[in-house]
Amino acid sequence: MRDESVNYKFEPDPAEMGAFFEKVMTLYKEKEGDVLLEMATNLRFPPSLNEEGEDVPLDTYEREALLAVVAQAIAKQGGATLGTAVELLLLRQTTQTGADIDRDLGWEDVPPPRRRIDYPEVREQWAAYAEEHSNWGKSEAEGGRNGMVITAVDNEEDLGKWIKWLCTLWALCPCDPTHPVEGKATNSDLYYGVGSGDVSKETIDTHRALTPGSQFWWKGPRTATVLKRTAMGAARGELGSPTEENPGSLVFTIRKAAGLGKPVGVVSQYPEDNAVVLPPFTLYTV
């Protein structure tokens, strides 16, 4: 992840937060359709072939049908207690890079999942794929495909585009420290890594200056882990290139987060990470 992923507001104004929540509710109520239609509209799908062997874009109905099939396949892995098949698909997307989403949707030239054990063999494939199909940076005509949905919703301009996805995730992820989440130790800490060794010096210095009691508000959801080494590895960045201007990474430790978030290991792209999805719109205190 790049430095723009460090996207939260320090010491937020309560009035500003209230106005934002009103906007969220208005957008949700005014937008037609459900979260499946929203994903079918926003995600980028591989074309089908017509009788003449020509590429033809899928229509909305075909996109929804494909997503439903993918959702059912994910549901068969388990996790029935986590939600419906479509909700499981959404939760899985919180653990995925854009290329992982591409693979689930049927793009055939996606490199294999980036796991630590085989990473040296797939590094060049991932770098080449990212360059050719760079997330949200390119139009479909330019070869652009899918990006990480979980970071897309940090951008307020994308709020309306992904409002159903975001609010569904909000409803799925508990945020009650008095009630431990099933499957997690009562006093477990969570860890979240930011940056690929390329977080700016200014951002690093800002965090070093924080004092106990400081607050920051993260509008977008996050995928944390109960494994500190996993978060630190993610923060180091397998494809990151630290520079003098952008030298660092951040690892957040969320203390005793037993009632926060949704464990998604059973449907995760990378189950070995023991991922926990943290709810959006959460206020954190240092």
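This report looks at a predicted model, taking in its aromatic contacts, a charged patch and one exposed helix residue.

## Aromatic pairs around Phe216

Let us start with the rings. The model holds 16 aromatic pairs. One of them joins Phe216 and Phe252, whose ring centres are 5.7 Å apart. The planes of Phe216 and Phe252 meet at 50 degrees, and the pair is classed as tilted. Phe216 sits in strand E5 (residues 215-218) and Phe252 in strand E7 (residues 248-254), so this contact ties together parts that are 36 residues apart in sequence. Phe216 counts as buried because its relative accessible area is 6%, under the 20% cut-off. Phe252 is buried too, at 13% relative accessibility.

Phe216 also pairs with Tyr284. Here the ring centres are 5.5 Å apart and the planes lie at 20 degrees, so the Phe216 and Tyr284 pair is stacked. Tyr284 belongs to strand E10 (residues 282-285), so its pairing with Phe216 in strand E5 links parts that are 68 residues apart in sequence. Tyr284 counts as buried because its relative accessibility is 11%.

## The wider cluster

If you would like to place these rings in their setting, here is the group they belong to. Phe216, Phe252 and Tyr284 are members of one aromatic cluster, which also takes in Phe10, Tyr192 and Trp218.

## A negative patch on the surface

Now for the charges. Four acidic residues, Glu51, Glu52, Glu54 and Asp55, make up a negative surface patch. Glu51 is located in the loop that runs between strand E2 (48-49) and strand E3 (55-56). Is Glu51 buried or exposed? Glu51 is exposed because its relative accessible area is 81%, and the cut-off for that class is over 50%.

## Glu124 in helix H6

Another glutamate worth a look is Glu124, which is part of helix H6 (residues 119-132). With a relative accessible area of 70%, Glu124 is exposed. How far apart are the C-alpha atoms of Glu124 and Pro111? They are separated by 9.5 Å, while the two residues are 13 residues apart along the chain.

Conventions
Residues are numbered from 1 along each chain as its sequence is written. This is a predicted model: local features need pLDDT of at least 70, side-chain atom pairs count only at pLDDT 80 or more; totals for chains, interfaces and linings use all residues. Side-chain values use heavy atoms; hydrogens and water are left out. Patches are made of residues with over 30% relative accessible area and no salt bridge: like charges are joined within 9 Å, nonpolar side chains (Val, Leu, Ile, Met, Phe, Trp, Tyr) within 5 Å. Accessible areas come from the Shrake-Rupley method with a 1.4 Å probe; for residues, only the protein chains shown count as cover. A salt bridge is a side-chain nitrogen of Lys or Arg within 4 Å of a carboxyl oxygen of Asp or Glu. Lys and Arg count as positive and Asp and Glu as negative; His and the chain ends are not counted. The place of a charge is taken as NZ of Lys, CZ of Arg, CG of Asp or CD of Glu. Helices (H or I, at least four residues) and strands (E, at least two) are DSSP runs, numbered from the N terminus. Buried means under 20% relative accessible area, exposed over 50%, partly exposed in between (1.4 Å probe, protein chains only). Rings of Phe, Tyr and Trp (its six-membered ring) pair if their centres lie within 6.5 Å; planes under 30 degrees apart count as stacked, over 60 as edge-to-face and the rest as tilted.
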